[in-house]
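Open the model in your viewer and keep the selection panel at hand. This tour goes from the whole chain to single residues.

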Amino acid sequence: MDMNRFVFFLLFLLISCSDRVSIIENQDFIEIKNRGGKTLGYDPQSGVEILMIDNLAFKDLNKNNELDGYEDWRLPVEDRAEDLARKLTIEDIAGLMLYSSHQSIPGENQGWGSAKYDGQSFDESGAEPSDVSDEQIKFIKEDNLRHVLITSVKNSTVAAKWNNNIQSLSESIGFGIPVNISSDPRHGDDSYAEFTSGQGGRVSSWPSSLGLSASFDPNLMQEFGRVASIEYRALGIATALSPQIDLASDPRWGRFEGTMGEDSNLVSDMARSYVDGFQSTNIKGWGVNSVNTMIKHWPGGGTGEGGRDGHYGFGSYAVYPGDNIEEHMNIFKDGALNLNGNTLRASAIMPYYTIAVGNGEKVGSAYNSYLISNILREKYQYDGVLCTDWGITGDAFAVDVFFSGKSFGVENLTVAERHYKALMASMDQFGGNNDMIPVLEAFEIGVKEYGEEYMRKRFEKSAVRLLKNIFNVGLFENPYLDPYKSSKVIASEEFDKMGKEAQKKSIVMLKNDQNSLPIISRKKVYMPMRKVPKSVNFFGQETPESMEHKLNILAVEEYYDIVDDPGEADFAIVSIESPDSGYGYDKLDIDMGGNGYFPISLQYSPYTANFAREVSIAGGSIFEDFNNRSYNKKSIKTKNESDMKLVHETHKLMNGKPLILIVRVYNPLVFSEIEPYASSILVDFGVESKSMLELLSGKFEPSGLLPFQMPIDMKTVELQKEDIPRDMIPYIDSKGNEYDFAYGMNWKGVINDKRVKKYK
């Protein structure tokens, strides 16, 4: 009899006299069900044993043969968290305050996301994909880290087995605190690649957050959250680093698509529904399918001057020319911190990188005591976890390198001093830090200033917040997964179907001249290929130029006959993407005597910023010898001007026959360059070809509405204020329709239903 079987036999003898407990032996762990109570899961090899008290089973996580308060699942979560926090050493708490760098499962062989297995790369080591890497073993055992961010996973079975392996390792150490695994959004299409770094494990496919908002249906958003939470838990994920509820008040922002739009009422409703869907998975609130949400980015990241993003030093300033920061913060207060469900508030909040100009100290948001302590903690009475965005405590070395530290405003401090400043601003956790040494050094800085008793209490306060989130989702009882059950959840036809229905509801029809759509009968279609320009993503990874059909050819052939000669075609489908002019900065300009700053254009043709500010509101960096970041009178070209030319050329080739234009939208765009050439226009927020074709063929009627404005020109973009939503002049098309917030068409014409009346 092997050891596992022997332990199982002893456990069976231990609980055989109880009529309230039953046991199941799984491949990687033992499952114990308490009738009317919690289901437990543990790995006998971790050293944990089961205590039988009052005919009920409990895990002896700290292996002292006693039932401690934190091990008693009958007690309130608050009591359990406080009991454990009192027991923890400062080193234990320092580990809880860490949130790992991005982890691929298995680790890559080299470069970003790489890992070692017994000192070798994955391919060289002969390791299993589900094995825990050397780096992970170190940060679990030596740094006491218990919050892990995963990116790509090979498949759901590997994810489940890796989860079990790392949970067993963690369970074997000290107080047996389980690992809280998290993820960025995983349910979108490739548009999310810069923020998810790959999406292993096939989950159901839904439109982007912006697409779900285009439904103007908070119930649909909540249903997405419910489904996503079940799929997350099947992969071992218990915390979502989402939703991104920044008010998208500047149309140029590089993370616009991840938002829920630019109207504060709509975004508040959608944010509330998203969090309720993820967190409240039973009538009482928290349940076995619940997933903590980390709403981001406080106090709102959509106000970067000129639309520039805070992942870079050139986007380090958030500006408020309309003195409107309150509306951005109210989305948090009225939405995700004011839930309908019994979990009451989002579990965690992530401040953004940027310096909120004119609102407290001139430092990044996570260091800003006014925004964190005075507003979030005191005014809003928020006592959940506050976690920094990734890399804010690192040393900066450039304004234009993604991997440079984002310690905006505190570049002169040491790494330990940055940790201390954030902690004293009331932060709890440090994103992207696997090393507890600077946290311990921050503790010592505090001891010198306030004394050990004060700092011990300060650390315990954060420990309680962090532990509550792990207790709430049931990880202390059972962090283990059955790989077979996980594979069944991830491959669910029901969830797949729901995602595709949501995709169709996200499509917005802007134009339908002479009822060009739907095209019901089997007709001949001309589909020119689109040139994909060479590009470089946030991480510096290059994609070479190529040609593509954005619609899947095989899917199209199910509905229409594809022809190569536009003269033979009955209609054309042209699929393009919104304009891309980059991130608003080019270092080569410095070498030519400029300041490096350029406009971010929302039109396809070359653009000169004649109406931009002559003097920027904010600016300056330790790497710059100037403060004026203006790009007035500068010109920029988009990378995909060829998309506009493709529309023009195809219109000419079709010689008056219908041209159906599908635009994959990441940001608002100036439609004057392309709208007159199209018979019908559809906005795509991340849908599969099949979903789009069902709408084109009339199997589904369009119902989506714009969750933002489409500008009439770049002048209105430059003159709008970064912090004021819905302050542009909208584009009016050749049919007199205004592409404003809450605009959309169905087969009958412009939609004017209860959704429009409620939000417009």
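Start with Asp589, keeping in mind that this is a predicted model. Select Asp589 and show its contacts. Setting aside neighbours within four places in sequence, Asp589 is in contact with Gly594, Asn595, Gly596, Tyr597, Phe598 and Lys634. Now look at the side chain of Asp589: it reaches the backbone nitrogen of Gly596 at 2.8 Å. Switch to cartoon, and Asp589 appears in helix H19, residues 588-591. Is Asp589 buried or exposed? The relative accessible area of Asp589 is 12%, so Asp589 counts as buried, the cut-off being under 20%.

**Whole chain**

Zoom out. The cartoon shows 23 helices and 30 strands. Turn the chain along its principal axes: the C-alpha trace spans about 85 × 60 × 55 Å. What radius of gyration would a compact globule of 760 residues have? Near 27 Å, and the chain has 27 Å, which agrees.

Colour by burial next. Of the 760 residues in the chain, 62% are buried. Then draw a contact map. Among contacts with a separation of 6 or more, 72% are between residues 24 or more positions apart.

Put on the surface. The accessible area of the chain is about 28,700 Å², and carbon and sulfur atoms hold 49% of that area. Colour by charge: there are 79 positive and 109 negative side chains. The centres of these two sets lie 4 Å apart.

**Helix H2**

Select residues 77-87, helix H2. Buried here are Arg80, Ala81, Asp83, Leu84 and Ala85. What covers these buried residues of H2? The cover includes helix H3 (90-96) and helix H15 (452-472). Show both helices beside H2.

**Gly277**

Go to helix H10, residues 264-279, and pick Gly277. With a relative accessible area of 2%, Gly277 is buried, because buried means under 20%. Leaving out residues up to four places away in sequence, Gly277 touches Gln222, Gly225, Arg226 and Ser229. Now add Ala555 to the selection, 278 residues from Gly277 along the chain. A distance label between the two C-alpha atoms should read 32 Å.

**Two cis peptide bonds**

Most peptide bonds are trans. The next two stops are cis.

Select Trp298 and Pro299. The peptide bond between them is cis, with omega near 0 degrees. Pro299 sits in the loop that runs from strand E11 (292-298) to strand E12 (317-318).

Move on to Leu517 and Pro518. These residues are also joined by a cis peptide bond, and omega is about 0 degrees. Pro518 is in the loop between strand E17 (508-512) and strand E18 (524-526).

**Two positive phi angles**

Most residues other than glycine have a negative phi. Where does Gln381 lie? Look in the loop between helix H12 (369-379) and strand E15 (385-386). Phi of Gln381 is near 55 degrees, a positive value in a residue other than glycine. Gln381 is exposed, with a relative accessible area of 57%.

Finish at Asn655, in the loop between helix H20 (641-654) and strand E27 (659-664). Phi of Asn655 is positive too, near 55 degrees. Buried or exposed, how does Asn655 count? Its relative accessibility is 69%, so Asn655 counts as exposed, the cut-off being over 50%.

Terms used
Residues are numbered from 1 along each chain as its sequence is written. This is a predicted model: local features need pLDDT of at least 70, side-chain atom pairs count only at pLDDT 80 or more; totals for chains, interfaces and linings use all residues. Side-chain values use heavy atoms; hydrogens and water are left out. Helices (H or I, at least four residues) and strands (E, at least two) are DSSP runs, numbered from the N terminus. Buried means under 20% relative accessible area, exposed over 50%, partly exposed in between (1.4 Å probe, protein chains only). A polar contact is a pair of N or O atoms within 3.5 Å; within protein, one must be able to donate a hydrogen and the other to accept it, and residues adjacent in sequence count only if both atoms are side-chain atoms. Contact means heavy atoms within 4.5 Å. The radius of gyration is taken over C-alpha atoms; the globule rule is 2.2 Å times the number of residues to the power 0.38. Accessible areas come from the Shrake-Rupley method with a 1.4 Å probe; for residues, only the protein chains shown count as cover. Lys and Arg count as positive and Asp and Glu as negative; His and the chain ends are not counted. The place of a charge is taken as NZ of Lys, CZ of Arg, CG of Asp or CD of Glu.
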